[in-house]
Structure formats: structure tokens, C-alpha cells
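Biologist: I am new to this structure. Please take one helix and go through it closely, then set a few other places beside it.

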Amino acid sequence: MSTPDLNLLITLTTLLDEGSVAGAARRLGLSPSAMSRALARLRDTTGDPLLVRAGRGLVPTPRALALRERVGALVQEAGAMLSPLQEIEPARLVRTFRLRASDGFVETVGPALLARLAAEAPGVRLHFVAKPDKESGALRHGELDFETGVIGASTAPELHTQALFRDHFVAVVRPDHPLCQGPLSATRYAAAQHVMVSRRGREHGPIDDALAVFKLERHVATLVLGFATALALVQASDLVATVPELHCASLYPDLVRLPLPFSLPAITLALLWHPRLDADPAHRWLRHLIRDLCARPPYGN
């Protein structure tokens, strides 16, 4: 079975509106002969004359009258489907978004983000999803709407990204920790007992490379998967955790942060999403809200 030419629907609704081959031709920017050929194709396709001569004009057949409303609705719906999406009204938006982020981001930015949503878009629900790894499959397969993370070699190249804020690492200890007494040198830092954060279980990272310049090695007493767990251990021990300062700001209100005695590259936390959602008005609106919120720490103020 051959595929019908859907352009004929536009031709038919125009002919029915105009009641004239010449008028329909002018409206569609065609020559009268081209419109006559289109009408002939419509008659052949439908098996009905559709428009017949009555004096100087054309009148619709019963089949054409029956088709008029249906064809007009189809053409309007197709036009709406193929038109650019209109901007949304956040106050009327009803939708659930899924954001995969670390505990640090959720606890630091989450409260202010949820407050903005409650005020501006009460019909929007935001689900925070745990982030056990850096794999991008969930974004690619439509299981997530967004993800936060540091862009690296494992980031899928097709993903779109938006920088949220730059951050740097600090050492965090409990109050009255020995490292709080006197200047923190690289030697004193390395000699302490450390809790290392690594989702992949690696016991060597940029901090160890930085210490190697001083011919120093730190002692990693334990390894955990996330910053929140590391800081919980620091709270009740002499362990030292090295964490992004802004990213984990809400996780250590009662702890002491110390500038590192060596240089580490700053990191940029980014929002990531799949290209399939890039033009979606609601998705775009929430992206802008998150970016705006993260650009003004302390978040929400």
C-alpha cells in the first residue's frame, strides 16, 4: 500500500475554504494549473469529485462536506505539532523531574531549590536520585532529566553541560583536632589519618600526586563512597577529610575547615542533560532556575 501524500490535506482544506481553484492557488503560492493537478490527485485518491462546478464557482460534494471539519482539525493539529514550543507558565506546570546528584549538592542547594519551586511552580516535583557512579547511561536512556558532576574523560560527549559554580578543596577536621594547632604544613597534613572519598575504590588521586612533589605520602585509614559519609566519620574521630568547600558547605557546620598547604586545581561543578531535552521549555526553565540559584551563594539568599 502506497503512503498517501499528506500535503494533499492542506490542499483540500484550502480548496474547501476558498471554493475556487484560483483562490486556493493564490493562498498557497501555486499556479492555477498546479492547483488543478492537485485537485485531480485528491479526486483520484478519495474516489470522489469533492468539488464540482456550479455556475462560475465550485461547490463541495457530500463527501467533501463530511471531510471539511476533520481535515481542518488535522491540519491545525499538525501545524501545532510542527511549530516551535511556546514558553511555559511555571505556576501552571505539572511535572516531575529527576536529578541525580551527590549528597553534598542535595544538602547544600536542595533546600533553596525546593523552596523556589514551591513558590514559583507548586505543581513541579523534583526527585533527587542517588549518584553511585559517573556513568551517563541513565541520562541517555531517559531515566533522568539532569545530573550534576565534574566534567571528565568519562562524561559522554553528546551530553549538554552548564557550569554551576567553581569550587576548591579544603581539609576538614573536628574542633580541637591537633591540626588546628599552629600552621598546617604539607608534612603535618600528610602525617594525619585520612578518610578518602572514592566511588570507584581507588586509593590514589590528585591529592597524593600533589604530596608526591614534597616526597610525602598520606596515610589513608579508611575509604568511603561519598563526602557525607566522610564528614560523619570526621565528626567523631581524628580523621581528616579533604572535600570541595562549597559543594559540602552544609555538611560540616560544626567542623573546622583548613586551607590546604599545597596547590590543587579548582573544579567546576556542572549540570548535565541529554540533547533530547534541550529544547523542552519546562526543562529549559528549570535549568535556568538551577543555574541562577547556584550563581549566588549562599544559595537562595
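Modeller: What follows is a close look at helix α10, and then at some other sites.

The model is predicted: local features need pLDDT of at least 70, side-chain atom pairs count only at pLDDT 80 or more, and totals for chains, interfaces and linings use all residues. Residues are numbered from 1 along each chain as its sequence is written, and side-chain values use heavy atoms, with hydrogens and water left out.

Helices (H or I, at least four residues) and strands (E, at least two) are DSSP runs, numbered from the N terminus. Helix α10 covers residues 281-294, which makes 14 residues. The expected span of a helix is 1.5 Å times one less than its number of residues. For α10 that gives 20 Å, and the end C-alpha atoms are 20 Å apart, so the two agree.

How is the N-terminal end of α10 capped? Aspartate 280 does it, with a side-chain oxygen 3.3 Å from the backbone nitrogen of alanine 282.

Is α10 enclosed or open? Buried means under 20% relative accessible area, exposed over 50%, and partly exposed in between (1.4 Å probe, protein chains only). By that rule 10 of the 14 residues of α10 are buried, so the helix is largely enclosed by the rest of the structure. Among them are Pro281, Ala282 and His283. Trp285, Leu286 and Arg287 are buried too, and so are Leu289, Ile290, Leu293 and Cys294.

What covers these residues? Contact means heavy atoms within 4.5 Å. The cover includes the strands β3 (95-100), β4 (124-129), β5 (146-150), β6 (160-167) and β12 (267-273). Helix α5 (103-120) is also part of the cover.

Now take α5 and α10 as a pair. They pack at an angle of about 125 degrees, with their axes 10 Å apart. Axes are lines fitted to C-alpha atoms, for helices over the stretch in contact, and angles run from 0 to 180 degrees between N-to-C directions. Angles under 35 degrees count as roughly parallel, over 145 as roughly antiparallel, 65 to 115 as roughly perpendicular and the rest as oblique. The two helices are therefore oblique to each other. From α5, the contact uses Phe105, Val109, Ala112, Leu113, Arg116, Leu117 and Glu120. From α10 come Trp285, Leu286, Leu289, Ile290, Asp292, Leu293 and Cys294.

Another helix pair can be set beside this one. Helix α1 (residues 7-18) and helix α3 (residues 32-46) pack at about 105 degrees, with axes 10 Å apart. They are therefore roughly perpendicular to each other. Leu8, Thr11, Leu12 and Leu15 of α1 meet Met35, Ala38, Leu39, Arg41, Leu42 and Thr45 of α3.

Next, a strand residue. Threonine 242 lies in β10 (residues 240-244). With 9% relative accessibility, threonine 242 counts as buried. Its side chain makes a polar contact (a pair of N or O atoms within 3.5 Å; within protein, one must be able to donate a hydrogen and the other to accept it, and residues adjacent in sequence count only if both atoms are side-chain atoms). The partner of threonine 242 is the side chain of tyrosine 189, at 2.6 Å.

Last, two loop residues. Most residues other than glycine have a negative phi. Leucine 50 has a positive phi of about 70 degrees although it is not a glycine. Leucine 50 sits in the loop between α3 and β1 (51-54), and is buried at 0% relative accessible area. Aspartate 176 also has a positive phi, near 70 degrees. Aspartate 176 is in the loop between β7 (169-173) and α7 (186-191), and is exposed at 66%.
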